[in-house]
Amino acid sequence: MPLSAMGNAMAEPHLSTDSANRAPLRFGEFVTLIASMMALTALGIDSMLPALPAIGESLDVVEPNHRQFVITAFLLGFAFAQLIYGPLSDRFGRRPVLVIALVSYVLTSALAAISGSFELLLVARAAMGASAAGARVVTVALVRDCFAGRAMARVMSLAFIVFMAAPIFAPAFGQAVLGAGGSWRMIFWGVAGVAALVVLWFWLRMPETLDSANRQSLRPARIVADYGLVLRDRCAVGYTVAAALLSGGLFGFIGSVQQIMADVFGRPELLTVVFATVASTMAVGSFLNSRIVMKIGTRRISHSALSALILFAAIHLVVAFGGYENLWTFAILQALMMASFGLATSNFSAMAMERMGEIAGTASSLQGFVTTLGGALIGAQIGQSFNGTTVPLYAGFLGMGVLAFAAIAVAERGRLFRPS
C-alpha cells in the first residue's frame, strides 16, 4: 500500500480492510449463488439481442439503430437505481434489500412481456434495469462483507466464470425461442422464471452478512459524507473511472453486434455462436485471474491485461479501417480483447473497494452508478455511430482503453505494474 494510502487509512479508520475471508455458505454454493444473481443482469440484456429485429417489427420501430434503445433503457435504469440500493443495504442489511430487488425484477420482466408499445417496453426495460441494480450493488457489498483484497478478487473472478454462462447461453435461448416460432415476449417470460428461481434460492439459503454493529443511518448528511470518502480515495476513483470507460466499449459492442453480424457480414444466424465464443474468452480470463491473483497481485495483472486490450484494439482498428475485416478477424480479435477485459475488470472492483469495508454498500452503489451510467452513455454513442462497418466500434474501444490506462496511471501516481 502506498504511504499516502496508509496515511488516509489511519485518518479514516472506519474504512476497514480487515475481513475474516470466510463465506457464510459452503464456498462453492456461495460463489454460484453470487454469480447467479449477477447473471440476471446479463440474462436481461443478452437474451434480447437476437430478438431486436422482431421487437422493432412488432412495435413499429422505423430506424434500425433505435432498436438499441432496448439495451440502453435497461442500462440507464440500472445506473441510477444503484445510488439507492447501497445506502438501503447499509441500513437494513443485504438480505431484505436483495429480496425486494429480485422480486421486482420478476415483476418488471413480466411487464416487458406484455408491453403493447415501444415506449411502454422502454419504460419496463428501465424498471428491469433498476431492479437488477440491486443484485449488482448488494452482491458486491455482500462479498466485501466476507472477503477483502486478493481474496475478494479471487471470489469475484470465480463468480464471474459462472456469471459468464449467461452471455454465452442467453442469446442462444433467445434465438431458440424465435426459431421455435415463439414470440419475443416469451423471452421475457423466461427471464422472469429464472429470476423467480434465483430469489427462492437466495431466500432459503443466504443468511444476513452485515453485522448489526456496522449498520449505517439513512441520514442524508451521513450518505453524502460516505460518498465524500469514496471520492477522496484515489484508487477508488481511478479504477471506477477506468471500469466505466472499458464498459463503454463493451456496451457499444453489445448494442451493435446484432447489426454487425447482419449488415457487415450478412450472417445473422451466426450471432449466437460468435457472441458465445467471444463471451467465453472473458470467462477464461476471469478463471486465469482466479488462479494467479493470489501470487501475482491485482495491479500487475490488471495493468498488463489493459495494455493487451489496447494493443488488440489498435490492431483491430487498423484491420477494420483498411478494409480487411472479415468474420474471422472480427471473432478472433474481439475474443482476445474480451479475454483481456475479463482479466482487467475482475480486479478493478476489488481494488476500488479495498478500503471501503464498513461502507461497502454505499461505496458499491456510487461506483456502480458511475461505471454503468458512464458505460451506458459511451456505449450508446458508439452504438449509434454504427455506419455499416466495425470502424466506430474499435475506434471507441481503443480510445476508451487509452483513457482507462491514463485514469489508472493518475490513481497510482504513475507507479504501474507493481505488486499489490
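This passage describes a helix, the aromatic pairs and the salt bridges of a predicted model.

Helix H12 covers residues 271-296, a run of 26 residues. From its first C-alpha to its last, H12 reaches 36 Å, close to the 38 Å expected at 1.5 Å a residue. The helix is bent at Ser290, by about 40 degrees. Gly297 follows H12 and has a positive phi, near 105 degrees.

The count of aromatic pairs in the model comes to 12. In one of them, the ring centres of Phe253 and Phe275 are 5.9 Å apart and the planes lie at 5 degrees; the pair is therefore stacked, as the angle is under 30 degrees. Phe253 belongs to helix H11 (residues 234-264) and Phe275 to helix H12, so this contact ties together parts that are 22 residues apart in sequence. Both Phe253 and Phe275 are buried. A tilted pair is formed by Phe265 and Phe330, with 5.4 Å from centre to centre and 50 degrees between the planes. Phe265 is located in the loop between H11 and H12, whereas Phe330 is in helix H14 (residues 327-352), so the pair links parts that are 65 residues apart in sequence. Phe265 counts as buried because its relative accessibility is 16%, and Phe330 counts as buried at 0%. These four phenylalanines, Phe253, Phe265, Phe275 and Phe330, form one aromatic cluster together with Tyr394 and Phe397. Elsewhere, Arg95 lies over the face of Trp203, at 4.4 Å from the ring centre.

Salt bridges number seven in the model. Arg94 and Asp145 are joined by one of them, with an N to O distance of 2.8 Å. Arg94 lies in helix H5 (residues 94-113) and Asp145 in helix H6 (residues 118-146), so this salt bridge ties together parts that are 51 residues apart in sequence. Arg94 is buried, at 1% relative accessibility, while Asp145, at 21%, counts as partly exposed.

Glu269 and Arg267 also form a salt bridge, in which the closest N and O atoms are 2.5 Å apart. Glu269 is partly exposed, with a relative accessible area of 45%, and Arg267 is partly exposed as well, at 36%. A network of salt bridges with shared partners joins Arg26, Glu29 and Arg205. Within this network, the closest N and O atoms of Glu29 and Arg26 are 3.5 Å apart. Glu29 is buried, with a relative accessible area of 12%, whereas Arg26 counts as exposed, at 59% relative accessibility.

Conventions: Residues are numbered from 1 along each chain as its sequence is written. This is a predicted model: local features need pLDDT of at least 70, side-chain atom pairs count only at pLDDT 80 or more; totals for chains, interfaces and linings use all residues. Side-chain values use heavy atoms; hydrogens and water are left out. Helices (H or I, at least four residues) and strands (E, at least two) are DSSP runs, numbered from the N terminus. The expected span of a helix is 1.5 Å times one less than its number of residues. The bend at a residue is the angle between axes fitted to the seven residues ending there and the seven starting there. Rings of Phe, Tyr and Trp (its six-membered ring) pair if their centres lie within 6.5 Å; planes under 30 degrees apart count as stacked, over 60 as edge-to-face and the rest as tilted. Buried means under 20% relative accessible area, exposed over 50%, partly exposed in between (1.4 Å probe, protein chains only). A charge sits over a ring if NZ of Lys or CZ of Arg is within 6 Å of the ring centre and within 35 degrees of the ring normal. A salt bridge is a side-chain nitrogen of Lys or Arg within 4 Å of a carboxyl oxygen of Asp or Glu.
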